[in-house]
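This report describes selected strands and helices of one protein chain, followed by its overall dimensions. The reader is invited to locate each element in the structure as it is introduced.

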Amino acid sequence: MQAFRITGGKPLHGAVRISGTKNLISKLMVASTLAEGESTFTNVPLHLGETEITSDIIQSLGAGIRGADDGTMLIHTPKFATSQVPERFALLNRIPILLIGPLLHRTGKAEVPIPGGDKIGARPVDFHINALKKMGARIDLKRHFYHCEADGLKGAKIGLNFPSVGATENIIIAATLAKGTTIIDNAAVEPEIIELVKYLQKMGAIISIETNRRIIIEGVGSLHGAEHHIMPDRIEAASFACAAVASKGDVFIEDADQSAMLTFLNTMRRAGGDFDILDGGIRFYYKGKLKATAIETNVHPGFMTDWQQPWVLMMTQAEGLSVVHETVYENRFGYVSELRKMGAHIELYNSCLGGSECRFTTLSNPHSAVIFGPTKLKGADINIPDLRAGFVYLIAAALAQGQSTITGIHHVERGYEHIEKKLKGLGVDIERIEA
Ligand code: EPU
């Protein structure tokens, strides 16, 4: 088993170029299968676990995929060789469920395993399944597989109980070739979704984004291949930003995009960490004492749930009592116990702290955290349970006095490309070992 050994205690300094975003490339690869023709993607994080898993899934269905060293990917699916996503892809990531639309349009059938991904809550897919049923799909769940059939999907009016990213993407992808118009109310409008819409429009789709979270898709007869640039990963950018400031360092994050990070940047400034928006990226640096903050995670344009973990780590270095209320996932503080082992003082609560009541108010899940700072961190042996926790442990280890050994590194490599090289480039003493 591979592990990272990190000897911490130094501020992060230098420059790091962030990769194209994991949560877009996988969706565009799925959307490309709606057409027979070839699509070209640039700025693709080709060495990311998530891209590799998604490539394997789509190739198993008959797609041809070629990647080049400059981050270009050529992908085409002249024909689906099968309607079944093989069982070996069950629970690996959240992508197979998004293939129901393309498979139904092109083969009339789809058999996909239940989705996996990080264990950060129940993560049901009821919104996806109910919407596809409304669009005319017949769907049964048998032995971990969704068995779906349709004689052509049709447009429908769908209201989501919560602005789910995956459900919005699934409906948009399925609706582009459906007969008639589909309306999604309470849709997610994350920048990655706007990018998906832009790519589909290039392919020939007609999709409008209205006010009040309404998205309207007018079904078209066919789509063709198109080119698209993968936007820089705003989760990776924020993760490195927190790492830079928490370590009292100074890091230029090449390709970080201000417009997709407005809320993060405002929150960073309130906390006393500073930044300069420069040509080609954003420089983040420690300016003096960090102040405690109260934040609530939310859907876009709110503070992303995927920024929560590095933020909590940064708050362990702030003066006073910080509060984080997680409102997107009911169980996203699993990583805190290992941070406590390293010396962080963090308490978890089932109640909604610091603001409004969320949908988890009646559940007995710890979804609010109070962080007491500043605390000195010390090295420890830790095992990574999920992707975002993984990055936090690496950074905690980089901040800590002494040595840490971190196992379970495949989780972090699913979402952070070349992580070891990037951290080394910022002066972190990190080596890969056999544990
Ligand atoms: N939900 C339902 N029913 C559904 C779908 C969602 O109840 O049918 C609930 C979920 O349980 C959750 C909330 O709605 O409580 C939000 O889930 P959403 O569907 O928005 O999340 P997702 O599409 O599964 C994507 C990202 C996540 C990111 C979230 C929120 C991908 C592959 N994953 O997940 O990314 O946290 O949106 O922005 O795009 C990560 O990158 O580490 C990660 C977990």
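## Strands β7 and β8

In this predicted model, strand β7 is joined to strand β8, which covers residues 145–149, by 5 bridges. The two strands run antiparallel. One pair of facing residues can be named: Arg-138 stands opposite Glu-149 in β8.

## The sheet around them

These strands belong to an open sheet of 3 strands, arranged in the order β6-β8-β7. The pairing in this sheet is antiparallel. Its edges are formed by β6 (109–113) and β7 (138–142), each of which pairs on one side only. From one strand to the next, the twist averages 15°.

A helix accompanies the sheet. Helix α3, made of residues 100–107, lies across β6 and β8, and its direction makes an angle of about 155° with β6.

## The hairpin of β4 and β5

Another antiparallel pair consists of strand β4 (residues 64–67) and strand β5 (residues 73–76), with 4 bridges between them. Within this pair, Ile-65 stands opposite Ile-75 in β5.

The strands β4 and β5 form a hairpin, and 5 residues lie between them. In the turn, Gly-71 has a positive phi of about 85°.

## The packing of α4 and α5

Two packed helices are described by the angle between their axes and the distance between the axes. For helix α4 (residues 126–134) and helix α5 (residues 165–175), the axes come within 8 Å and cross at roughly 25°. Because angles under 35 degrees count as roughly parallel, α4 is described as roughly parallel to α5. The crossing of these two helices is right-handed.

Which residues of α4 and α5 meet? From α4 come Phe-127, His-128, Ala-131 and Leu-132; from α5 come Gly-166, Ala-167, Asn-170, Ile-171 and Ala-174. The residues of this contact divide into 6 nonpolar and 3 polar, with no charged residue.

## The chain as a whole

The elements described above are part of a protein chain that contains 13 helices and 23 strands. Along the principal axes, the C-alpha atoms of the chain fill a box of roughly 60 × 50 × 45 Å.

How does the radius of gyration of the protein chain agree with that of a compact globule, and what is its value? The protein chain has 435 residues, and a compact globule with that number would have a radius of gyration near 22 Å. The value for the protein chain is 22 Å, which therefore agrees with that of a compact globule.

Methods: Residues numbered from 1 in each chain as written. Predicted model: local features only at pLDDT ≥ 70, side-chain atom pairs only at ≥ 80, totals over all residues. Heavy atoms only, no water. Pairing = 2+ DSSP bridges. Axes fitted to C-alpha atoms, helices over the stretch in contact; angles between N-to-C directions. Contact = heavy atoms within 4.5 Å. Parallel < 35°, antiparallel > 145°, perpendicular 65-115°, else oblique. Left-handed = near helix turned anticlockwise from the far one by under 90°. Nonpolar A, V, L, I, M, F, W, Y, C, P; charged D, E, K, R; others polar. Rg over C-alpha atoms; globule rule 2.2 N^0.38 Å.
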